[in-house]
Amino acid sequence: MDVDGKIAVLRRTIKDLKRVAVAFSGGVDSALLAVVAHDALGDDMLAVSVSSPVVTPDDSQDVDRLAREHGFALHKIELDELGLEAFRHNDAERCYVCKRHRFEQIACFARENGFEHVLEGSNRDDLSDYRPGMRALAEYPCVASPFLELGYDKADVRAMARELGIDVWDKPASSCLATRVERDVEITPAVLERIRKGEAFLREIVGSGKQIRLRAHGQCADLARIETDPEASERILKSAPAVAGALEEIGFRHIALDLRGYRMGNMN
C-alpha cells in the first residue's frame, strides 16, 4: 500500500471512532495522529498534552506550535511525576509508573468531557524495545493505538507525516528527561534541571536536528555522558574546553563523550 493509501486507512479508522482525545506529545507519532484525527473529525477531536518537569523544552514548544499551525484544539494537564515516590526511586518500573499516572489523568479528563476514546501513537517499532510503559496502556480500555492496530512502523509514520506537510516528520526520536538518569539514582528537580541546561547548551554546539542525549550517572548524578552522532561528536571535541567548563558550572564533576554514539534505550 502506498503512502496515500495508508493515510486513507488511518483516517477511516479514526473516523469510525466518532469522538476522540489524542495524547499529544509534540513528536511525529502523536502529531500525525492529531492532524489526521482533526481532518477526520473536526471539533470532535481534542489534543491533550501533559505539562511536567520531565518534558523536554523542545517538545513543549512543538506542542503549542503544532496545535496553532494545524488549527486543532489543545488542552494541557499539569502533572508532577516527582510527587510519586515510585517514580523518584527510578527503578525498572519507572516508565510504567509514569505512563500509568499520565493516562489515568488523560483518560479521566476524556471521560468527563465526553470523549469515549483516547488515541496514542505507539508504532510497531516500539514493540522491539523494552517499554514497561506499554503495559500501563493495556490497563485502560479506552486507549487505542491505531498505528499498532494497522501494523504501521516508524518509517510509515514519517512518510505519512511528510506527505501531509507536518514539519516534525524528521524530528529525532525524543524521550522524557528522566530517561537520562541512571537507573536507581534518585530523580530530583536539581538533577532534571542540570540535564535540561546541559542539553540546551550542547544543542547550541551541535545544531538543530541532531540526536543528542546527556546521560547522568553516579549516586550524585554528577557524571555526564554525552551521546550523539559522529559529526556532532567532532563539533563537541572541537569545543571541548567550553563544553567542559559549561557542564562543570551547571554541576557535573566529570564529563565523558561516548565513543559508541547515540543508542536509543541504552539506559533501559
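In this short talk I will go through one helix, an aromatic pair, two charges over rings and a few backbone angles in a predicted model.

Let me begin with helix 2, which covers residues 28–41 and reaches 20 Å from its first C-alpha to its last, close to the 20 Å expected at 1.5 Å a residue. How many of the 14 residues of helix 2 are buried? Twelve of them are, and helix 2 is therefore described as mostly covered; among the buried residues are V28, D29 and S30 at the start of the list, and A40 and L41 at its end. Just after helix 2 comes G42, which has a positive phi, near 60 degrees.

Next, the aromatic rings, where the structure holds one pair. F24 and F72 form this pair edge-to-face, with 5.4 Å from centre to centre and 85 degrees between the planes. Because F24 lies in the loop between strand 1 and helix 2, while F72 lies in the loop between helix 3 and strand 3, the pair ties together parts that are 48 residues apart in sequence. Both F24 and F72 are buried.

Two arginines also lie over ring faces: R19 is over F115, at 4.0 Å from the ring centre, and R194 is over F252, at 5.6 Å from the ring centre.

Finally, please look at two residues that are not glycines and yet have a positive phi. D184, with a phi of about 75 degrees, lies in the loop between helix 8 and helix 9. A221, with a phi near 50 degrees, lies in the loop between strand 6 and strand 7, and A221 is buried, with a relative accessible area of 1%.

Definitions and conventions:
Residues numbered from 1 in each chain as written. Predicted model: local features only at pLDDT ≥ 70, side-chain atom pairs only at ≥ 80, totals over all residues. Heavy atoms only, no water. Helix = DSSP H or I, 4+ residues; strand = E, 2+ residues; numbered from the N terminus. Buried < 20%, exposed > 50% of the residue type's maximum accessible area, 1.4 Å probe, protein only. Expected span 1.5 Å × (residues − 1). Phe/Tyr/Trp six-rings, centres within 6.5 Å; stacked < 30°, edge-to-face > 60°. Lys NZ or Arg CZ within 6 Å of the ring centre and 35° of its normal.
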